[in-house]
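Q: I have a structure open here and have not worked with it before. Can you walk me through it while I ask things as they come up?

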Amino acid sequence: MNSPSLPALAGVEHRFVDVGGGVTIHVADAGPADGPPVMLVHGFPQNWWAWHELIGPLADDGYRVLCPDLRGAGWSSAGDDRYYKNDMADDLAIVLDRLGVPSVRLVAHDWGGPIAAFLMLRHPQKVSGFFGLNTVGPWIKFDLTVVRQLWRFWDQIPISLPVIGPRLLSDPKGRFFRMTGRWVGAGFFLDDVDFRLYVRRMREPGHAVAGSRWYRTFLTREMIRAREFANTSVDVPMRFLHGMGDTAITPTLLRGYAEHAAGFQLETVDGVGHWIVDQRPELVLERLRTFLHET
C-alpha cells in the first residue's frame, strides 16, 4: 500500500501495519528481507524521512532497515489518543511481530530514544542493541543537577497547551519549529525541503493535536513516573553519540547509564547540535556501522 504523498526513496517499500485499536503504523522497509534487522526511530517533529540519508547505505550493507512513523506522526494514525510512550513502544513491538522480525538493533533520535527504550525494557527479547543520537533513555536522575537543567525544555510548555499547542504546530510556515529548531541546533537547522515535508505532515488531520499530546501527556502524567525503570538494567550493547551544541539535551541527563547497561559508551561531538543526523550524516553512518559490526 502506498500513499501518493509519500516521498520517493530508491529501494524503499512502504508497509501499513494494523497494530489494533484502530491504529495503523506506517513503516518504510528497505534492504534484504533476510538481512540483520535494524529499526530507526525518529523524533519530533520528524517522521521516517529523518533517516533518508542512512537508509540506502545501510540497505546496501545488507541490513533490513525498518523506519516506522510513530503513532501520531508521518503517515501513521493520528487519532484521539493520549499518546502514552509505553503504548507507542508497544506499537513497535507489534510491528515487529506482524513483520515476522524476532529482534532488532534500535537506533533512535530525540523522542525516539525514550520510546525505543520502553520497547527495550518492556520487550527485552526483541532488542539486541541500542544506539542513541542526541536523546535520552529511561534512567534520568531527578536530582538537583537535573532540576537546574529543566529550563532548557521551556519549549515543551507552549507545545503542550490545549488549543495553543496545536495552533503552533499546524502553522503553515512552521515559525515555532524554526525558532526552537535553530536554538537546539546551535544555529544549524533542517534542510528546507525536508522541513517543509515535516510541516505538511503536521498539518494533516489530527497530527498537530497528536504532537501536542505527546508533550502534554509527558508533562502532566509521565514525568511523575519517570523513575519507573530506575532499578532496571539491560544486557545489550548501548552506545550514544551526542552533539554538544544541543542546548536542550545535554550529557548531564545520561549520568549513571553505565550502571544499567553493560558496555555503555558515550561519544560527544563538538560543533554539532541536536540535529546530528542531518548535520553530520556521514559521521553518524560511520559510527553506526561500527556499532552494528561490533554487536
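Q: Start with Glu13. How exposed is Glu13?
A: This is a predicted model. Glu13 has a relative accessibility of 46%, so it counts as partly exposed.

Q: What does Glu13 form a salt bridge with?
A: With Arg15. The closest N and O atoms of the two are 3.2 Å apart.

Q: And how exposed is Arg15?
A: Arg15 is partly exposed, because its relative accessibility is 30%.

Q: How many salt bridges are there?
A: The count comes to 17.

Q: Which residue does Asp80 meet in a salt bridge?
A: Arg213, with an N to O distance of 2.5 Å. This pair links distant parts of the chain, 133 residues apart. Asp80 sits in the loop between strand 4 (64-68) and helix 2 (85-98), while Arg213 belongs to helix 9 (residues 207-222).

Q: Is Asp80 buried or exposed?
A: Asp80 is exposed, because its relative accessibility is 73%. Its partner Arg213 has a relative accessible area of 22%, so Arg213 is partly exposed.

Q: What about Arg280, which side chain does that one meet?
A: The side chain of Glu282, in a salt bridge of 2.5 Å from N to O. Arg280 counts as partly exposed because its relative accessible area is 29%. Glu282 is partly exposed too, with a relative accessible area of 45%.

Q: Which residues are joined into one network by salt bridges that share partners?
A: Glu13, Arg15, Asp29 and Arg64. That takes in the pair we began with, Glu13 and Arg15.

Q: Ok, changing topic. What volume does the largest pocket have?
A: About 980 Å³. The lining has 46 residues, and the closest to the pocket's centre are Trp111, Val136, Phe153, Gln156 and Phe218.

Q: Which elements give two or more residues to that lining?
A: Helix 2, helix 3 (112-122), helix 5 (156-160), helix 7 (175-184) and helix 9. Helix 9 came up before, as the helix that holds Arg213.

Q: How does the lining of the largest pocket split by class?
A: There are 31 nonpolar, seven polar and eight charged residues.

Q: And the second largest pocket, what is its volume?
A: About 170 Å³. Its lining includes Phe131, Arg239, Phe240 and Leu241, and also Gln265, Leu266 and Glu267. Arg287, Thr290, Phe291 and Glu294 line this pocket as well.

Q: Which elements do two or more of those come from?
A: Strand 7 (238-243), strand 8 (265-269) and helix 11 (281-294). Helix 11 gives the most, with four residues.

Q: How do the residues of that lining divide?
A: Five are nonpolar, two polar and four charged.

Q: Now closed spaces. How many cavities of 30 Å³ or more are there?
A: Two. The largest cavity has a volume of about 40 Å³, and the second largest holds about 30 Å³ of space.

Q: How would anyone find such a thing?
A: Rolling a probe the size of a water molecule over the atoms shows where empty space is left.

Q: What lines the largest cavity?
A: Pro45, Gln46, Asn47, Gly72, Ala73 and Gly74 are among the lining residues. Tyr198, Arg201, Met202 and His207 are also in the lining. Helix 8 (residues 192-202) provides the largest share, three residues.

Q: What is the split by class there?
A: Four nonpolar, five polar and one charged.

Q: And which residues line the second largest cavity?
A: Gln46, Ala50, Trp51, His109, Val277 and Asp278. By class, that lining has three nonpolar, two polar and one charged residues. Gln46 was also named in the lining of the largest cavity.

Q: Last topic, the surface. Which residues form a nonpolar patch there?
A: Phe142, Leu144, Val147, Leu150 and Met223. Together these residues have about 410 Å² of accessible area.

Q: Take Leu144 from that patch. Where does Leu144 lie?
A: In helix 4, which covers residues 144-147.

Q: Is Leu144 buried or exposed?
A: Exposed, because the relative accessible area of Leu144 is 53%, and the cut-off for exposed is over 50%.

Key
Residues are numbered from 1 along each chain as its sequence is written. This is a predicted model: local features need pLDDT of at least 70, side-chain atom pairs count only at pLDDT 80 or more; totals for chains, interfaces and linings use all residues. Side-chain values use heavy atoms; hydrogens and water are left out. Patches are made of residues with over 30% relative accessible area and no salt bridge: like charges are joined within 9 Å, nonpolar side chains (Val, Leu, Ile, Met, Phe, Trp, Tyr) within 5 Å. Accessible areas come from the Shrake-Rupley method with a 1.4 Å probe; for residues, only the protein chains shown count as cover. A salt bridge is a side-chain nitrogen of Lys or Arg within 4 Å of a carboxyl oxygen of Asp or Glu. Buried means under 20% relative accessible area, exposed over 50%, partly exposed in between (1.4 Å probe, protein chains only). On a 1 Å grid over the protein atoms alone, a cavity is a set of points where a 1.4 Å probe fits but cannot get out, and a pocket is an open set with protein on both sides within 12 Å along at least five of seven lines; lining residues have an atom within 4 Å of a point. Grid points are joined across faces, edges and corners, and a volume is the space filled by probe spheres set on the points. Ala, Val, Leu, Ile, Met, Phe, Trp, Tyr, Cys and Pro count as nonpolar, Asp, Glu, Lys and Arg as charged, and the others, Gly among them, as polar.
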